[in-house]
Amino acid sequence: MTIQNFKSLERSSTLFLRLILLVLTIGVLVLCGFLLYQIIQSDSLGYYRPILMGLVISAIPLIYIFYQAYNLLNNIDNNLSLTDSSVNSLRIIKVCSFIISLMYLIGSPFIFNVAQQDDAPGVVLINIILIMGPFSVGVFTIFYRNF
């Protein structure tokens, strides 16, 4: 495989990742728009309203994570993957991941209350997944920086 073929293969994989980031960003924005519409218009949400507000607020650091991942992919395309800019992007991703985990951890009493009232233990499992997912991303970025 020649060097030019390798570079085109590398660029096509980062292009694919950029496309995935774009689709995820649009999906998150559409979901947040729908949730905001439901929060504003519906009076029957009751004790689900704080949970939905938490989901919408936690999308702010998530969108910022997507932006930093896009910058990281740009650095990879420009052969700047081991620069201060890339390390800074990883640090921001780490902080935003821990913020999202902390937000869901703080919102856990609301979710436990809903699970208790609706007798739905699966909601607690979803809450644990939403806490551990971003937390594990933050931990992996710590290990990447130290490696």
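# Loops, helices and pockets

Q: Where is D119 found?
A: D119 sits in the loop between α4 and α5. Helices are DSSP runs (H or I, at least four residues) and strands are runs of E (at least two), numbered from the N terminus. This is a predicted model: local features need pLDDT of at least 70, side-chain atom pairs count only at pLDDT 80 or more, and totals for chains, interfaces and linings use all residues. Residues are numbered from 1 along each chain as its sequence is written, and side-chain values use heavy atoms, with hydrogens and water left out.

Q: Why is D119 called exposed?
A: The relative accessible area of D119 is 67%. Exposed means over 50%, buried under 20%, and partly exposed in between (1.4 Å probe, protein chains only). D119 therefore counts as exposed. The C-alpha atoms of D119 and V95 are separated by 34 Å.

Q: What makes L80 partly exposed?
A: L80 has 38% relative accessibility, so it falls in the middle class. L80 lies in the loop between α2 and α3. Neighbours within four places in sequence aside, L80 is in contact (heavy atoms within 4.5 Å) with N75 and S86.

Q: What is notable about the phi of N79, which is not a glycine?
A: N79 has a positive phi of about 55°. Most residues other than glycine have a negative phi. N79 is in the loop between α2 and α3. At 55% relative accessibility, N79 is exposed.

Q: How do you know that D77 and R18 form a salt bridge?
A: A salt bridge is a side-chain nitrogen of Lys or Arg within 4 Å of a carboxyl oxygen of Asp or Glu. The closest N and O atoms of D77 and R18 are 2.7 Å apart, so the pair meets the rule. By this rule the count is one salt bridge. D77 is in helix α2 and R18 in helix α1, 59 residues apart.

Q: Are D77 and R18 buried or exposed?
A: Both are buried. D77 has a relative accessible area of 9%, and R18 has 17% relative accessibility.

Q: How do you know that the span of α3 is close to the expected one?
A: The expected span is 1.5 Å times one less than the number of residues. α3 has 23 residues and reaches 33 Å from its first C-alpha to its last, close to the expected 33 Å. Its buried residues include S86, I93, C96 and Y104.

Q: What makes up the largest pocket?
A: A pocket is an open set of points on a 1 Å grid over the protein atoms alone, with protein on both sides within 12 Å along at least five of seven lines; lining residues have an atom within 4 Å of a point. The largest pocket is lined by 20 residues, with I51, L52, L55, G107 and I111 nearest its centre. Its volume, the space filled by probe spheres (1.4 Å) set on the points, is about 360 Å³. α2 gives the most to this lining, with six residues.

Q: How do the residues of this lining divide into nonpolar, polar and charged?
A: There are 15 nonpolar, four polar and one charged. Nonpolar means Ala, Val, Leu, Ile, Met, Phe, Trp, Tyr, Cys and Pro; charged means Asp, Glu, Lys and Arg; the others, Gly among them, are polar.

Q: How much space lies in the second largest pocket?
A: It holds about 250 Å³. Of the 14 residues that line the second largest pocket, L55, S58, L62, Y104 and L130 are closest to its centre. The lining of the second largest pocket has twelve nonpolar, two polar and no charged residues.
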